[in-house]
Amino acid sequence: MKGLATWLAVALAAGLPGLVSGERLAKRDSSSTVTLTVNPSGGNASSPLLYGIMFEDMDHSGDGGIHGQLLQNNGFQGDNPGLTAYESIGDVTIAQDMDHPVSDAIHSSLQVAVNANATGFVGFANTGYDGVPVMKTTYLCEFWMLGNYSGNITLQLVGSSSGKVYASHNMTVVSSEEFTNHQTTFNSSASSDGNNEWRLLFDSALVPNGTLNFGLVQLFPPTFNTRSNGLREDVATFVDDIKPSFLRFPGGNNLEGLQIDTRWQWNLTIGPVVDRPGRESDWFYPNTDALGLDEYLWWCEDMNMEPVLAVWDGKSYGGILSGTDLQPYVDDILNELEYLLGPSNSTYGSLRAQNGRKDPWPVNYIEIGNEDDLTGGCDTYPDRFTQIYDAINGSYPNITLIASTITESCLPSDPPAGVVYDYHYYREPDALVAMFNLWDNQPRSQPVMVGEYGCRNTSATDGVFWSSILCSCSEAVHMIGLERNSDVVRMAAYAPLLQHFGYTSWSPTLFGFDSSPDSLTPGTSYYVQQMFSANRGTTILPVDTDADFGPVYWVASKNNTAYIVKLANYGAEKKTVHVNVPNTTTGVLERLSGSEYATNQPHEIKVRPNSKTVTSSQGNYTIHMDPWGVAVLSVTSGATALHFSLGAIIAWQICIFLPQLL
Ligand code: AHR
């Protein structure tokens, strides 16, 4: 922060220009009415990437989260997996068997020993991530099996307490003394809660006093865009609804590794899942890495997001490598880039093709490390950054490189032109609002990314909390500041994105869920992100007003079809905002408000935005802003509306009459 403060002081002293003329920052305005006139011309371009998302596996956001696979501990990964999530069924003994690895990557399997008195169908259950979501849908199930068996296997979805069977599916299996893969699909009815388990049962009579081994059990509900090894459709759709334009991945802390050896390693996250060893993550639980490098990129492709890939830069929590010690890892980054960008006949590009993606991935942004101003990274970052920058830029000059800090003292003294600086901040509400004008005096030649930000009320006693309307309003104020400066703030992402309620170690997140039906719960901040991201201008417009910023904040913009005015009232009094947008007649007003500390809690959505149609022959709109309220007004000019409706009528007429003419 010291470096940032110095830099800001220098920038301010240099009298660098603010953004949009006719506006000023001043003390809070006490009048109850604010009048804003949007100037339809002038202003500055807004980054098309401004609103995106940041993802790393934390709070079980990946495994047990957005990734579709529902069974836990399926590869016995991580430091101390034990029999987490497994239970025996019938007269059998289950154990993790290190002597029978499923593959070179999956070092063990589950041994099921049939006891002498066993009768009927026996086997094991997996209780998933705090239960298995059981929906009325079709599931894909896959497992590896070793041991002599020829007969029926029954797969079930069962209520753990109730014993109620929602799905029961028989398949014929022939298994030998080598691990073989088995797959099937089955339909299920829906459970009314999340307290469910998946079961695999076999006929004990066919294995008298014997053992069978099972490995890498997998259960998928429908996936987003029906991708194999894909994202959960319901969870991913919730993300897609934010309309994000970039994805920063795979971390965050989870890129770095608690130790150098447990860093996120791209090459261990590709190819068949049975070849991915997984790792103990930075958030103290195992990652299967089934959500791997290619899956992140399919995710980007399916949601039309620009990938922002972070590469490991020598810093882990357990040690830092630099100089010649770092060189092999720099070489590895180039291998990763050949995998992503190389032709399909190159060494690593051919591996990509083999893994299902012939064309290179469109990777245009790479971040070098994560938060190198922290955890001991600062001193060596200038050299590590330069070493990696030179290597990547030498081979891929068109890639935009991002430094993982904005702190001057942690950056090279003469950074290369075009590098984007990433700055992260989690703040209490007032502090976030105080940063409203943070970027107003940012030199326009030095682009920035806010790779992580959010309101975090660190005074919560239990450490687990949800955004309140107060917090979300402070984020809206801050985002108005970001948007006003979106010529130079290229990208910004709230973080973290999501949590599984049963495994929260960091909160708040934008949304969360668990294994029970309809558990997807947006925080109030989710709606602010959605409202701001779904309504974007390409140009930020000047606004004429006598009012000062605070408690009401605003930003106006336009795109090809609409004028957009975003408002936040960071105060306990109601405010009336008169907005004039010349030559507009109609549109939509979306508002979010609630009491200061109103929150959405798991399974309890109390606060939602509401929207209504607005009309005005003169382009005048009166917006009543509740205390701590957030609003987005999107209006169109009569000409635009006419243009659209005429276009629609012509297209409709062509559809109707063309077939008759042909
Ligand atoms: O978003 C949570 C954590 O906050 C990220 O992993 C890290 O980059 C930041 O410190």
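# Exercises on strands, helices and single residues

Strand β9 (residues 149–159) pairs with β12 in the antiparallel sense, over seven bridges. The model behind these exercises is predicted.

## Exercise 1: Strand β12

Task: find how many residues of β12 are buried, then place β12 among its partners.

Solution.
- Step 1. Apply the cut-off: buried means under 20% relative accessible area.
- Step 2. Strand β12 covers residues 196–203, and seven of these eight residues are buried, so β12 is largely enclosed by the rest of the structure.
- Step 3. Take the pairing with β9. Gln156 has Arg199 in β12 as its bridge partner.
- Step 4. Turn to strand β7 (residues 121–126). β7 and β12 pair in the antiparallel sense over six bridges. Here Val122 stands opposite Phe202 of β12.

## Exercise 2: The five-strand sheet

Task: which strands stand at the edges of the open sheet that holds β5 and β11, and what does that leave without a neighbour?

Solution.
- Step 1. Write the order: β5-β6-β13-β8-β11, five strands in an open sheet with antiparallel pairing.
- Step 2. Read off the ends. β5 (92–97) and β11 (180–187) are the edge strands; each has a single partner strand, so one side of each lacks a neighbour in the sheet.
- Step 3. Add the twist, which averages 30° from one strand to the next.
- Step 4. Check the β11 end. Strand β8 (residues 138–146) pairs with β11 in the antiparallel sense over eight bridges. Trp144 stands opposite Asn181 in β11.
- Step 5. Move into the loop between β11 and β12, where Ser188 lies. Ser188 is buried, at a relative accessible area of 7%. Beyond residues up to four places away in sequence, Ser188 touches Val134, Met135, Lys136, Thr137, Tyr139, Leu157, Tyr166 and Ala167.

## Exercise 3: A three-strand sheet and a helix

Task: give the strand order of the sheet with mixed pairing, and name the helix that packs on that sheet.

Solution.
- Step 1. The order is β25-β26-β27, in an open sheet of three strands.
- Step 2. β25 (498–500) and β27 (521–522) take the edges. Each has a single partner strand, so one side of each is left without a neighbour in the sheet.
- Step 3. Strand β26 (residues 511–513) pairs with β27 over two bridges, in the antiparallel sense. Gly512 stands opposite Thr521 of β27.
- Step 4. The helix is α3 (residues 233–240), which packs on the sheet and touches β25, β26 and β27. The direction of α3 makes about 170° with that of β26.

## Exercise 4: Classifying the α6 and α7 packing

Task: how are α6 and α7 oriented to each other, and which residues meet?

Solution.
- Step 1. Helix α6 (residues 327–341) packs with helix α7 (residues 347–354) at an angle of about 50°, their axes 7 Å apart.
- Step 2. Compare with the cut-offs. Under 35 degrees is roughly parallel, and 65 to 115 is roughly perpendicular. The helices α6 and α7 are therefore oblique to each other.
- Step 3. Assign the hand: α6 passes α7 in a right-handed crossing.
- Step 4. List the contact. From α6 come Asn335, Glu338, Tyr339, Leu340 and Leu341; from α7 come Thr347, Tyr348, Gly349, Leu351 and Arg352.
- Step 5. Sort the contact by class: five nonpolar, three polar and two charged residues.

## Exercise 5: Helix α5

Task: how many residues of α5 are buried, and which residue with positive phi follows the helix?

Solution.
- Step 1. Helix α5 spans residues 293–302. Nine of its ten residues are buried, so α5 is largely enclosed by the rest of the structure.
- Step 2. The buried residues are Leu293, Asp294, Glu295, Tyr296, Leu297, Trp298, Trp299, Cys300 and Asp302.
- Step 3. Asn304 follows α5, with a positive phi near 55°.

## Exercise 6: Two strand residues

Task: are Ser557 and Glu590 buried or partly exposed?

Solution.
- Step 1. Ser557 is in strand β30 (residues 552–558). Its relative accessible area is 1%, so Ser557 is buried.
- Step 2. Among the residues Ser557 touches are Glu483, Arg536 and Tyr563.
- Step 3. Glu590 is in strand β33 (residues 584–592). Its relative accessible area is 22%, so Glu590 is partly exposed.
- Step 4. Glu590 is in contact with residues including Met531, Asn535 and Pro609. Glu590 and Met531 are 59 residues apart in sequence, with 7.6 Å from C-alpha to C-alpha.

Conventions. Residues numbered from 1 in each chain as written. Predicted model: local features only at pLDDT ≥ 70, side-chain atom pairs only at ≥ 80, totals over all residues. Heavy atoms only, no water. Axes fitted to C-alpha atoms, helices over the stretch in contact; angles between N-to-C directions. Helix = DSSP H or I, 4+ residues; strand = E, 2+ residues; numbered from the N terminus. Parallel < 35°, antiparallel > 145°, perpendicular 65-115°, else oblique. Left-handed = near helix turned anticlockwise from the far one by under 90°. Contact = heavy atoms within 4.5 Å. Nonpolar A, V, L, I, M, F, W, Y, C, P; charged D, E, K, R; others polar. Buried < 20%, exposed > 50% of the residue type's maximum accessible area, 1.4 Å probe, protein only. Pairing = 2+ DSSP bridges.
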